[in-house]
Amino acid sequence: MPKTISQISDNPFLIMETKLFIPQVREGLVWRSRLLEKLEEMPGKKLALISAPAGYGKSTLLIQWIHHSKIKSAWFSLDGSENEPSCFFTCLISALQQLYDDAGKAAMQLLKSPQVRIQTVIISLLNDLVKRTEKTILVLDDYHLIENSAVHSALDYFIEHAPPHTTVVLSSRSDPSLPLSRYRSRNELLEIRAQDLCFTIDETEKYLNEQLHLNLSKDDINALTLRTEGWIAGLHLAALSLKGQANITEFVRAFKADNRYIADYLLEQVLHQQPPDVFNFLLKTSILKRLTAPLCDRLTGRNDSQYMLEALEKINLFLFPLDHQRQWFRYHHLFADLLHQRLITEYSDADVRYLHRTASAWHSDNNMSDAAVSHALAAQDYERAAELIEQIAEVDWDRGMESTLLKWLNTLPPKYISTNPKMYIFYARELLENNQADLAIQQIANAEKLLAKKKYSSEIHDSVRGRIALIRGVMAAYQGDIPNIITHTTAALKLLPKGDEMWRAVAATNLGFAYGWSGLGDLPKAQQAFENARDISDSAGNMYFYLLAGSCAAGVMGLRGQLKASYAEYEKLLEVAHKQDLQQLGITGTLHISMGGAQGQWMDFDSALSMIERGMEISKVGQDVIVLASGELQKSRIFIYRGQFEEALKSILNIKKETELFALPPWIHHSAEAVKAGIWVAMSKLELVETWVRERGLGVDDELSHRREQEHYTLVMYLIARGQFERALKLLFRLVDEATVYDRIHTLIELLILRALVHRQIGNVDSAINDCSTALSLAEPGQFLASFVSRGDSVESILKTIETTFKRSDYEYHGFSKNYLKRLLVAFKVKDAGAANQQLQEPLSDRELDVLMLIAAGLSNQQIAGKLFISLNTTKSHVKRINAKLDAHNRTEAVHRAQELGLL
């Protein structure tokens with residue numbers, strides 16, 4: 001059912017269902033067999049283009065074919081308001097949902113978050129369409145109204161990756177900005193153009209004589225076809241004009257060959273035949289893109305517009321219904337253009353502006369704010385337009401309307417912006433979103449001057465100052481200026497009122513990144529900021545920001561050593577994403593990758609790699625290159641833990657290969673460089689590392705920063721490999737102090753392990769034990785394993801010394817348990833068993849090796865579950881698979897068989 005007027009809104013997520021209506025086949029149409037046969041080739045093509053000027057019957061032909069073919073077809077009539085990717089694809093998805101209720105449900109959710117890449121939305125939709133097997137036609141009528149290159153690019157991506165049973169059909173007055181030659185060369189394009197659409201002499205005769213019963217002679221038919229060049233709109237206008245002509249032959253001879261001239265001439269004839277009330281109705285309503293009786297009543301002062309609209313449709317006066325109930329209509333575009341030209345000549349400028357003001361008021365009263373703005377601007381009622389723009393701009397970050405708002409703001413005379421500091425801020429925001437930072441700075445400066453000049457209430461003053469601060473913080477983020485991000489966004493959060501939830505969420509998230517891995521690495525402050533952003537987003541109902549901020553907060557928890565708690569948070573967020581149909585969001589890729597990283601630290605390497613690959617699949621689907629790069633980094637660490645250095649190096653090199661077309665943030669580049677050089681150290685390629693150290697300009701006396709922390713960590717590894725232990729210790733002490741101050745526990749654990757190894761190497765056993773003990777106390781809450789085990793026999797030796805020398809009071813003093821120490825020593829055995837494991841026909845998984853070691857230690861299934869933080873049922877499943885792989889009938893046989901194979 002079409003929406004009632006009160007239900008219709010210009011919110012891009014509430015689609016006017018009249019746009020989705022496939023018009024009925026009108027009576028009196030010529031059945032165009034030759035073209036309908038050509039359209040039969042359409043299914044199986046990626047793209048069909050029906051391209052011709054106005055009045056050639058493009059839409060009519062498609063309507064005929066759809067009703068004739070019986071193939072599932074979706075329709076969307078564009079009107080030019082869809083010139084934003086988010087709005088366009090909201091419309092496109094809505095059209096497809098007329099065929100398949102569940103198509104694009106997740107994609108619609110993604111569209112509600114402007115931070116989501118449009119490719120992510122498209123892939124989510126395509127994944128739904130792939131599940132369908134029926135041939136599907138998607139018609140986008142009047143595509144020439146789309147002018148935004150971003151929409152063209154997004155549609156091309158959709159067409160290119162659409163399943164084979166889906167065909168996109170574009171009806172357009174001009175060729176779209178799509179790579180038609182590419183589709184043409186691959187035989188994936190069906191084209192019908194003006195010369196194909198022109199009526200032949202036979203079709204003209206059928207239309208004028210058989211359908212309209214004009215009884216014209218063959219000479220007149222030939223002359224009309226020649227004069228109009230088969231132009232259907234011209235023939236229709238001619239048919240209307242011919243009624244009542246005394247001398248038809250003379251009338252036909254008076255035609256000229258120019259289509260536009262014919263249109264003007266025939267329109268004159270048609271309009272002159274209309275009664276004055278119809279004539280005035282047509283002119284006054286020509287300003288409307290869509291007509292409905294209440295709106296027409298308001299414009300014309302009538303109370304019978306519904307009757308008038310139905311009567312005009314009945315006489316085929318270029319009026320088309322947009323729904324089955326005939327509540328909404330539109331004029332043929334060419335007819336509307338010509339009517340509007342006549343309106344300008346017949347009415348004064350003041351009268352035309354009055355009509356637009358009236359239309360604006362009606363649209364505003366009926367919650368159709370975008371149309372209200374357009375008519376207000378056309379009426380030159382700039383004060384009203386400014387008020388409406390301000391209302392829309394308040395929710396802009398939830399609508400994806402950057403280009404439209406900027407166009408409106410550019411249209412407004414400066415004086416209607418210069419009296420309102422909020423308008424300057426909106427202007428700055430839209431300029432910034434459209435990569436015009438220099439102009440945005442000017443608008444912010446204008447807002448500050450106005451705020452200083454005029455007196456405002458304290459609440460308005462703080463709100464405006466808070467927004468200015470946030471825009472400055474966003475600008476600083478573009479420039480990588482961490483101190484100014486923190487200064488401005490902190491000020492924004494203090495000033496912005498509770499009602500500005502979207503602004504506050506953006507500010508808190510930016511602040512989290514500035515404090516976190518993108519900036520200072522001050523993890524307590526980063527976690528506080530991300531948790532604040534998560535809570536604000538939750539209260540605002542913005543699920544994208546909720547998941548983004550929540551995943552960042554959980555990530556910080558892991559970096560602070562709370563690996564178990566972090567993993568539990570990831571699981572909760574993943575459950576929310578599934579409930580909200582947001583599984584294809586790039587952020588859910590992050591969740592999987594982060595969970596895989598935790599599993600790798602717990603030495604469940606097979607599960608870790610599987611989880612990371614799943615996250616990377618999602619990131620590839622959404623083209624989220626930051627998540628993809630993070631996944632490769634996590635994979636490389638898993639391979640390093642396993643001692644598979646060639647594989648680790650491949651993952652690092654993949655980052656450049658898979659993201660070469662995109663700009664990655666500096667922290668990823670620094671991390672990738674550090675890991676790459678660390679792999680070279682492990683492979684004893686010290687000459688390469690020496691060159692790398694020199695090129696990166698690294699030294700033990702450098703000023704330390706979180707951004708280069710991993711590079712300095714790699715420098716320490718290189719110095720140790722070169723035997724430069726004193727220099728390594730000097731840098732290690734500095735790095736440990738830095739990590740301690742900012743609670744970077746994960747980093748601190750690994751630094752302390754390295755320092756313990758250096759102390760042991762130079763014979764300082766007590767310091768080695770103390771550093772290793774401190775690392776154990778920090779690592780036990782998160783159950784860190786791989787950070788110790790990957791360092792090999794030297795760390796195992798220190799741990800065994802601790803095991804043999806520590807008394808109960810020593811464990812209590814150093815803050816870790818004997819059970820955790822034993823768990824670590826078992827993990828070393830699991831690693832040693834890895835090589836022997838490969839001789840099995842079906843090797844044990846990493847987790848199964850864990851379970852086997854604990855079986856050999858005499859633990860029950862319940863105790864094993866507790867040690868490994870898994871359920872009892874999962875433990876039983878592991879035991880069953882271990883017995884099967886070892887060809888054992890019970891636990892005792894399994895242990896014996898494992899000893900024979902060298903697994904224990």
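Visitor: In what order do the three strands of the open sheet lie?
Guide: In this predicted model, three strands make up an open sheet with antiparallel pairing. Strand 6 (291-292) and strand 7 (319-321) are the edge strands, each pairing on one side only. The order is 6-8-7.

Visitor: Which residue is the bridge partner of L319 in strand 8?
Guide: Strand 7 and strand 8 (residues 328-331) run antiparallel and are joined by three bridges. For L319, the bridge partner in strand 8 is Y331.

Visitor: Which residues have the most contacts inside the largest nonpolar core?
Guide: The largest nonpolar core has 207 residues. Helix 28 (residues 543-559) gives the most to this core, with eleven residues. Apart from that core lies another of 33 residues, which includes F279, L288, L322 and V352. Inside the largest core, the residues with the most contacts are F158 and F788.

Visitor: Which residues does F788 touch, not counting those up to four places away in sequence?
Guide: F788 is one of the two residues named for the most contacts inside the largest nonpolar core. Leaving out residues up to four places away in sequence, F788 touches I749, I753, C772, A775, L776, A779, V795, Y820, L824 and F828.

Visitor: Why does K676 count as buried?
Guide: K676 is found in helix 34 (residues 666-682). Beyond its neighbours within four places in sequence, K676 is in contact with L649 and I652. The cut-off for buried is under 20% relative accessible area. K676 counts as buried because its relative accessibility is 17%.

Visitor: How many of the eleven residues of helix 44 are buried?
Guide: Helix 44 spans residues 846-856 and is mostly covered. Its buried residues are D846, R847, E848, L849, D850, V851, L852, M853, L854 and I855. The number buried is ten.

Visitor: What phi does G858 take, just after helix 44?
Guide: Helix 44 covers residues 846-856, and G858 comes just after helix 44. The phi of G858 is positive, at about 90°.

Visitor: Over which residues does pLDDT stay under 50?
Guide: The mean pLDDT of the protein is 85, and 91% of its residues reach 70 or more. Where pLDDT is low, the predicted coordinates should not be read in detail. The model has 37 contacts beyond four places in sequence for the stretch in question. That stretch, with pLDDT under 50, is residues 1-14.

Conventions: Residues numbered from 1 in each chain as written. Predicted model: local features only at pLDDT ≥ 70, side-chain atom pairs only at ≥ 80, totals over all residues. Heavy atoms only, no water. pLDDT = per-residue confidence, 0-100. Contact = heavy atoms within 4.5 Å. Buried < 20%, exposed > 50% of the residue type's maximum accessible area, 1.4 Å probe, protein only. Helix = DSSP H or I, 4+ residues; strand = E, 2+ residues; numbered from the N terminus. Pairing = 2+ DSSP bridges. Core = buried A, V, L, I, M, F, W, Y, C linked by side-chain atoms within 4.5 Å.
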